[in-house]
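Hi,

Here's the structure I said I'd pass on. Have a look at it first, and my notes follow underneath.

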Amino acid sequence: MSHSDISNAGVAALLYETAELLELSSENQFRIRAYQKAARIIDGLGKNAAAMSREELLAVNGIGKGIAAHISAIKETGAFPELEELRKKFPPGLREMLKVEGIGAKRARLLYEKLGVDSPAKLRAAARSGEIEKIEGLGEKLQENILAGSACLPAGRERVHGAPARMLYWPALKLAGELIKELSLLGFERAAYAGSLRRGRETVGDIDLLAAGRPDGSATGRFAKLEQVERVLALGPAKASVRLKAGIQCDFRIVPGGVYGAALNYFTGSKEHNIVLRELARKKGLSLSEYGLCRLSDAEQKYPLAAKTEQEIYEALGLQFIPPELREGAGEVELASKKLVPELVTLADIKGDAHNHTDFSDGQNSMEEMVRAAAECGFSWYFAGDHSKPLGVVHGLDFKEYSSTRDELSALASRFPALKLGRSIEMEILKDGSFGFTDKEAAGTELVIGAVHSSFKLAETAMTERMLKAMQNPYLDAVAHPSGRLIGRRDPAGALDYPRLFQAAARTGTAFEINGQPDRQDLTDLTARMAGEAGVKILLSTDAHSAGQLAYMSIAVTVARRAGLTRKDILNSLSYGDFCEWIRERRSRALKGSR
Ligand code: DGT
Ligand code: CA
Ligand code: CA
């Protein structure tokens, strides 16, 4: 079998694997880092490494003869001799163990040699039996952590091909909220999170916190002693870097109140956005830094023209304010200079959710509990959903069950007068693109959100065809989580042909979903932007499997904002009447088209 079509991510994964195995064999740090670096470079390469000649590869900064030879071997055999040797030395589960928080190469080796533990499952078993604390160099704390589950692939941790772990947006947001509350208890009136978290990236490398105050050393010291902190990495009067117990780093900075806006702007980034802003400032004879926007002649940056708020900085640069979600250096500064920054959708625009679950299928809460939660979180309409057959593992409903549970929902209506109710179904899209319901049954539903839960491994063209076929069904109102990815756990299905899908959707009037589950975020910021540009309507969904998960709507809103979408693009901003009208109209148009 030829491996010549291996992706860059595939090559990078093999190099990361090598680095980890070298770590397990306590190789020298230099070699380990060289592999990690090469992996990162190849992962970020604009071209397919396997398709490049040796000369082209060697011309890339950071790729040497060794790596070039490895790539040529990978094309032949799918691996290279050094990696194959290393693989023989350790059982595969040992690498899995490195993903467990608190387990590095040294501890993994110790666990393997002393206890024969060579997988995360055996690790948990060893912790339960109390064997771990008996080993010198491991101890009770690690054992507790493993048992508490906090150490075993903590919720929201993503680890791609052995690259450094990043945390999902949602748990990071919760954590940052907690820390900011602590900061207010410490007397900081103004504090905020910055960095990728403020920009709403789907995962974050660390949490960047900023507070206005005097850098006298006592405050960073108190921050470093917070309950959430595991250990201190660096501590100065104006800055503390700590490792949090949740398994992520946090950088905390204190800046004078007078330059708070400039610092917030700088540490929000992105780096690329900062660079474009700084260049613009230069052109105007100004300099921009975390201390403010100053005249170039003011070398010591003593008399900033703007520094207190972000607003005044953008204004002084002749720009519209740019929401953090758009600050990725992707043309947003130019838009702002032409006053063309879109008015992004906000959570306040959202009137309801249509994709969620009750305990009739795989939700944890009853229909009544879900409806109550929907009313409490301020929605004005709510389509209670569930899976359709033939998805057996989650008790997918057949049409009869759909109808009888619809009656139960109607019976609830009088108890929640402020909430308009509907019943939706997450319809199985089968391998050939047909539905779990017959057409006649589908016609008797109020809202169909189609989803793929099987045969993810179809080739790119087959998966695209499957979805195109499904869209020909006039009753497919919206498509749920099209890529099926689970961040850090399951790759997106093939490379779906999004342009074709969105073109078809614009024609059939089918909406696409932005799924707000923390590990889905599917559509993504990029694909949602493509959809919006193609004129496809977007449905924001919580996909809630419990009452508390209705809060995930804010994740979907964040993705939509990063995609540059406005309330006009978003179906959830419609009133109940208008939303029902949208469904009725699109179905009748689609029916006419299909005849
Ligand atoms: P992350 O943590 O990898 O998810 O991504 P960020 O964007 O939060 O990156 P981080 O934590 O390294 O830095 C936070 C912000 O600080 C970054 O978005 C922009 C700013 N920053 C950091 N390093 C540089 C730099 O070298 N140049 C410029 N212009 N800005 C920087
Ligand atoms: Ca960061
Ligand atoms: Ca940082």
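Let me begin with ligand 1, which has 16 residues around it, the closest being Arg166, Ser196, Arg199, Gly205 and Asp208. Keep in mind that this is a predicted model. Three polar contacts may be handy if you set anything up around the ligand. The side chain of Arg166 puts an N or O atom 2.9 Å from an oxygen atom of ligand 1, and a polar side-chain atom of Arg199 sits 3.0 Å from an oxygen atom of the ligand. Gly205 uses its backbone instead: an N or O atom there is 2.8 Å from a ligand oxygen. On its own, ligand 1 has 590 Å² of accessible area, and the protein covers 70% of that. As for where the shell comes from, helix H11 (195-199), strand S5, helix H13 (260-268) and helix H14 (271-283) are the elements that give two or more residues to it.

Next, the metals. Which residues hold the calcium ion that is ligand 3? Its protein donors are OD atoms of Asp206 (listed twice), Asp208 and Asp251, at 2.2 to 3.0 Å. Along the sequence those donor residues follow the spacing D-x1-D-x42-D. Asp208 belongs to strand S5 (residues 206-212) and Asp251 to strand S8 (residues 249-255), so this pair ties together parts that are 43 residues apart in sequence. Asp206 does double duty, bridging ligand 3 and the other calcium ion, ligand 2, with 3.8 Å between the two ions.

Are Asp208 and Asp251 buried or exposed? The cut-off for buried is under 20% relative accessible area. Asp208 comes out at 12%, so it counts as buried, and Asp251 is buried as well, at 8%. Asp208 also turns up above, among the closest residues to ligand 1.

Last, a bit of the fold, around strand S12 (residues 381-384). Both of its faces are covered: Trp381 and Phe383 are buried on one side, Tyr382 and Ala384 on the other. S12 runs parallel to strand S11 (residues 352-353), joined to it by two bridges, and Gly352 stands opposite Trp381. Together with helix H17 (residues 367-376), S11 and S12 form a right-handed β-α-β unit. S12 also pairs with strand S13 (residues 420-428), again in the parallel sense, over four bridges. In that pairing, Phe383 faces Gly422.

Cheers

Note on methods. Residues are numbered from 1 along each chain as its sequence is written. Chains are lettered from A and ligands numbered from 1 in the order in which they are written. This is a predicted model: local features need pLDDT of at least 70, side-chain atom pairs count only at pLDDT 80 or more; totals for chains, interfaces and linings use all residues. Side-chain values use heavy atoms; hydrogens and water are left out. Donors are N, O and S atoms within 2.8 Å of the metal (3.2 Å for Na, K and Ca); water is not among the atoms, so sites may look incomplete. Buried means under 20% relative accessible area, exposed over 50%, partly exposed in between (1.4 Å probe, protein chains only). Two strands pair if DSSP finds at least two bridges between them. A crossover is right-handed if, with the strands pointing away from the viewer, the path from the first strand over the helix to the second runs clockwise. A residue is near a molecule or strand if one of its heavy atoms lies within 4 Å of it. A polar contact is a pair of N or O atoms within 3.5 Å; within protein, one must be able to donate a hydrogen and the other to accept it, and residues adjacent in sequence count only if both atoms are side-chain atoms. Accessible areas come from the Shrake-Rupley method with a 1.4 Å probe; for residues, only the protein chains shown count as cover.
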